[in-house]
Amino acid sequence: MYQDKQIFDLIDLEKERQLKGVELIASENFASAQVMAAAGSVLTNKYAEGLPGKRYYGGCEVVDEIEDLARNRAMELFGAEWVNVQPHSGAQANAAVMLALLEPGDKILGFDLSHGGHLTHGSPVNFSGKLYQPSFYGVEKETGLIDWDKVEAKAKAEKPKMLICGASAYSRDWDYERLRAIADEVGAFLLADISHPSGLIARGLLNDPLEYCHVVTTTTHKTLRGPRGGMIMMRKDFENPLGKKTPKGSLRMMSSLLDSGVFPGTQGGPLEHIIAAKAVAYGEAMSDDYMHYIMQVKKNAHAMAEAFVGKGYQIISGGTDNHSMLIDLSNKNLTGKNAEESLGKADITINKNMVPFDERSPFVTSGMRIGTAAVTTRGLAESDMLELVDFIDDALRNFENESKLAEIKKAVNEKMTAFPLFHK
């Protein structure tokens, strides 16, 4: 029987990298053993196009139960009235929503990618910027915060059919109530993409978008700590602002439209092994252990942000309300590329990131993005964040000193030997 030693040796190397290093990429986390077991189960063998009870293949009795369990757990976790757990990613969840609710050429208003938004919120290199007419709002140069009055003015000027909120690099909470008022005034759908802070939102640590937004999308692998995947949710009936052929206030009709945006609109067969892993993650996210975890994520981010500011680093917006922070390195005479490469040599993983009004290219950037979800999963607490900031600052001050970076790497590796990939 063929055995692929080459691939499994590489998997072992990746496991070793994760164990020895410090993972601070804001969009990454570590899944539990049972999440990974479900994701690697025999369910990967089953094709199941369609929805539970309405499949195009036979033999779906068991996967129907699994998908129903995932949907019910997700609704309980977020207080939703309807969910679709089939999207393969957050990007595909957004694509499905847009396909269902918009026509090609419709206007959308999203958060500028260069200010911390996401590719699928209207970037010209993405489907969202190619199929629809995008315009953007951003943060204020002086404060790093979104000015909601300016968002309103932009919406009134552009009159989009969809207003998108959410970000991949914005560390403050969102005023969903104000955004819904703006959307209602211009007759737009309000879509919240909560891929980054979804775990904090689920457990009540940030504002609840489902109370005000027409549709909410999320990934399942960031602060939710599940497998890589996506999800779409709704809570309330609402009047369709675009006048499509759906009755006023019909959650059932709108959910059917969104279901069709996933399949057959943008995907074929769902990944039932990943849906099972999502169900496990939703169950974990309702536990007391997870509540302790997600509260610690926020505490760790606050402690880390304060430590960076204390060492003279400039955090966009001045701090954080969630799990992440975007740091402008301009006053340190460093680029994001310098930071990512030098910290990588010290086994500290971050990603270079553009900052608002950045004059450098996306391949160089002036900033770095950091998040605390993964290190918190490993069991690190506030005091450890201070030590990590010391490691980072030491590495950045010596970013061209190979021997010093090797010394920091050794200290990092020694520290992380005390922490498993998944603490609890």
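The legends below describe close-up views of a predicted model.

**View 1. Helix α15 and the elements packed against its buried residues.** Helix α15 comprises the 15 residues 402-416, which at 1.5 Å a residue should span 21 Å, and its end C-alpha atoms are indeed 21 Å apart. Leu 405, Ile 408, Val 412, Asn 413, Lys 415 and Met 416 are the buried residues of α15; seen down the helix axis they fall within an arc of 160°, so they line one face of the helix. These buried residues pack against α1 (5-20), β1 (22-23), α12 (336-345), β13 (348-349) and α14 (382-397), whereas Ser 403, Lys 410 and Glu 414, on the other side of α15, are exposed.

**View 2. Salt bridges within helices α1 and α14.** In helix α1, Lys 20 and Glu 16 lie four residues apart, about one turn of the helix, and their side chains meet in a salt bridge with an N to O distance of 2.8 Å. Lys 20 is partly exposed at 39% relative accessible area, and Glu 16 is partly exposed at 37%. In helix α14, Arg 397 and Asp 393 are likewise four residues apart, with their closest N and O atoms 3.1 Å apart in a salt bridge. Here Arg 397 is exposed, at 56% relative accessible area, while Asp 393, at 8%, counts as buried.

**View 3. The salt bridge between Glu 211 and Arg 235.** The closest N and O atoms of this pair are 3.2 Å apart. Glu 211 lies in the loop between α8 (198-202) and β9 (215-219), and Arg 235 in the loop between β10 (230-234) and α9 (251-262), so the salt bridge ties together parts that are 24 residues apart in sequence. Glu 211 is partly exposed, with a relative accessible area of 32%, but Arg 235 counts as buried at 16%.

Terms used: Residues are numbered from 1 along each chain as its sequence is written. This is a predicted model: local features need pLDDT of at least 70, side-chain atom pairs count only at pLDDT 80 or more; totals for chains, interfaces and linings use all residues. Side-chain values use heavy atoms; hydrogens and water are left out. Helices (H or I, at least four residues) and strands (E, at least two) are DSSP runs, numbered from the N terminus. The expected span of a helix is 1.5 Å times one less than its number of residues. Buried means under 20% relative accessible area, exposed over 50%, partly exposed in between (1.4 Å probe, protein chains only). The arc is that of the directions from the helix axis to the C-beta atoms. Contact means heavy atoms within 4.5 Å. A salt bridge is a side-chain nitrogen of Lys or Arg within 4 Å of a carboxyl oxygen of Asp or Glu.
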